[in-house]
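Here is a walk through one protein model, written for someone meeting structures for the first time. Keep the 3D view open and turn it as you read.

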Amino acid sequence: MRKYRVILFFALTFLLTNVVMTTGTAHAAVGDRTSPYSAWVKHKFTFQEYDWESPKVIELQLFDLFTGEKANQLVAEENMFNEVPKYDEQWILLGFNLKYVSGPEEPLYASDVIWSGQSFYTTSGQKVNPVETASLSGNLEGYGEYDVELYPGGQSQVWYGILVKKTVGFPLLKIASGVNTTTYETKYKWFSTNPSYKEPVTIVAPSSPKAVSNSYNSAKVSWNAASGVSGYEVYRSTSSNGTYTKAGTTSGTSYIDKSLTTGKTYYYKIRAYKTGTRTNYSSYSSVVNTRPIPSTPSSLKAASASYNSIKTSWNAVSGATGYEVYRASSKTGTYTKVGTTASTSFKNTSLTTNKTYYYKIRAYRTVGSSKVYSKYSTIVSTKPVPSIPGKFTANRASSTSVKLTWNSVSGASGYELYRATSSNGTYSLLKNTPNLNYTNSSLKTGKTYYYKLRSYRKVGETKIYSKWTTVLSAKP
């Protein structure tokens, strides 16, 4: 028995714990006096009261409790010499399942874990000094606190009987759960014996919140998942320290907040919740903010439109009033606005043949007299080159000739016509001409010939070519 060992330490511990109990906060963690664990739920934890003791892992659960006349009757039947309660007193009987899960091969006494003379407190934090205690091991299945000695793996039912003032109500348990290695002070866990008490659920606040524009009138808020929760509530304000109202609830890890004002900054915070007998909430996440702006134009493309022009095109942006097109002569160079359009394409003219140009665009929405811009699109590039000759035709002209025609290409210096004897064969230059037709003669009657054509423009001594036409075939 350890009840009278190291009296000085008990006295010091009593003084320290009474100081600690008067300073509980309104938002204490589960297991503190203001939000204790429920003794009716099985808990597994490390038991240790002094630093020279070896830690022991135990399981503890309250399985039965008697008060009032039933408790008085059981105590009287147990021992006729037990104290009879006065009008303002009552016996409280508590039955626990205690298991010594693991630890050193040395005894664990039930009275080490819970001692009726020292371990019970009122909900306001005052230590309960029983008028008398009762040893119970006869009428109830189990043993009294001084009769249970366990070794690793052992378990037993333990009964406690305390005679207290009726004002005590359902007492709290204070149980040693380790020693602070820096201060050498004992740490404690608190347990409620109230059968109606619902143990608070500790929920971690959502982490890594982010807020980004989702469109010209919506924002997307996202966060990391919190373990074991039922869902999340998203709160919004128009200032960081302003009044937050609930924007929505979701079971996912993101939320799209709609019907917002373009260009206005909104602030968000999130909390998780878990439903059950009652709904428990986490604290709020950190605050993040964003403002709705038009979405970034997607699928930007740039293609040569002629020997001196380039056509850029992109997907439409919801809510956009228009688009601004920017151009540079190098990818990381200085971009200059070359046009504004309400369409989803733009033709940039007066360019230099075969020079590479780089483009990016952004959408905007007019709000009042101001433009609210999207982010810039990805960058694309291309060169202006002569266009592919249009309406390319190949037709029999005679039993030994085929006539080929095509449309004029703006800015072209000439055209090169190629021929092969199979569709995928080797094509050889047949004719270089500034004209828009050519008759290929001296052919074999009934033999199939294959043709393709390209235009070119001379820049200095260099020919700048268009892409090829489709391949055509014909028989003389």
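What follows is a tour of the inside of the model, then its sheets, then a few loops. One thing to keep in mind from the start: this is a predicted model.

**The core**

Let's begin inside. In soluble globular proteins, nonpolar side chains tend to be buried together. Here the largest nonpolar core has 31 residues, and Ile114 and Ile175 touch the most other members. Strands 2, 3, 4, 10 and 11 each give two or more residues to this core, and so does helix 3 (110-113). Strand 4 gives the largest share, with 5 residues.

Try clicking on Ile175. Leaving out neighbours within four places in sequence, Ile175 is in contact with Phe45, Phe47, Leu60, Val113, Ile114, Lys187, Tyr188, Lys189 and Phe191. There is also a second, separate core of 16 residues, and Ala226, Val234, Leu260 and Ala272 are among them.

**A hole in the model**

How many cavities of 30 Å³ or more does the model hold? The count comes to 1, and the largest cavity has about 30 Å³ of space. Its lining is made up of Leu60, Phe96, Leu98, Ala110, Val113, Ile114, Val158 and Tyr160. Strand 4, helix 3 and strand 10 each give two or more residues to that lining. You have met Ile114 already: it is one of the two residues that touch the most other members of the largest core.

**Two open sheets**

Now for the sheets. One open sheet has 4 strands in the order 1-12-11-6, with mixed pairing. Strand 1 (37-38) and strand 6 (120-121) are at the edges with a single partner strand each, so one side of each has no neighbour in the sheet. Strand 6 pairs with strand 11 in the antiparallel sense over 2 bridges, and there Phe120 has Leu173 of strand 11 as its bridge partner.

Another open sheet has 3 strands, ordered 13-14-17, and its pairing is antiparallel. Strand 13 (210-215) and strand 17 (254-257) are its edge strands, each pairing on one side only. From one strand to the next, the twist averages 25 degrees. Strand 13 and strand 14 are joined by 5 bridges, and Val212 has Lys220 in strand 14 as its bridge partner.

Just past strand 17, have a look at Ser259, which is in the loop between strand 17 and strand 18 (266-274). Is Ser259 buried or exposed? Its relative accessibility is 69%, so Ser259 counts as exposed. Ser259 and Tyr216 are 43 residues apart in sequence, yet their C-alpha atoms are 9.3 Å apart in space.

**Strand 26 and its partners**

Why is strand 26 described as largely enclosed by the rest of the structure? Because 8 of its 11 residues are buried. Strand 26 also has several antiparallel partners, and the table lists three of them, with one residue pair for each.

| Partner of strand 26 | Bridges | One residue pair |
|---|---|---|
| Strand 23 (322-328) | 7 bridges | Tyr326 and Lys360 |
| Strand 28 (380-382) | 3 bridges | Tyr357 and Thr382 |
| Strand 27 (370-373) | 4 bridges | Arg365 and Val372 |

Strand 26 and strand 27 make a hairpin with 2 residues between the strands, and in it Gly368 takes a positive phi near 65 degrees. For another hairpin, go to strand 29 and strand 30, which also have 2 residues between them. These two strands run antiparallel and are joined by 5 bridges, with Thr393 standing opposite Thr405.

**Two unusual backbone angles**

Most residues other than glycine have a negative phi. Two residues in one loop go the other way. Ser350 has a positive phi near 60 degrees, and Asn354 has a positive phi near 70 degrees. Ser350 is in the loop between strand 25 (345-348) and strand 26 (357-367), and Asn354 is found in that loop too.

How open are they to the outside? Ser350 has a relative accessible area of 66%, so it is exposed. Asn354 comes to 32%, which means it is partly exposed.

Conventions:
Residues are numbered from 1 along each chain as its sequence is written. This is a predicted model: local features need pLDDT of at least 70, side-chain atom pairs count only at pLDDT 80 or more; totals for chains, interfaces and linings use all residues. Side-chain values use heavy atoms; hydrogens and water are left out. A nonpolar core is a set of buried Ala, Val, Leu, Ile, Met, Phe, Trp, Tyr and Cys residues joined through side-chain atoms within 4.5 Å. Buried means under 20% relative accessible area, exposed over 50%, partly exposed in between (1.4 Å probe, protein chains only). Contact means heavy atoms within 4.5 Å. Two strands pair if DSSP finds at least two bridges between them. Axes are lines fitted to C-alpha atoms, for helices over the stretch in contact, and angles run from 0 to 180 degrees between N-to-C directions. On a 1 Å grid over the protein atoms alone, a cavity is a set of points where a 1.4 Å probe fits but cannot get out, and a pocket is an open set with protein on both sides within 12 Å along at least five of seven lines; lining residues have an atom within 4 Å of a point. Grid points are joined across faces, edges and corners, and a volume is the space filled by probe spheres set on the points.
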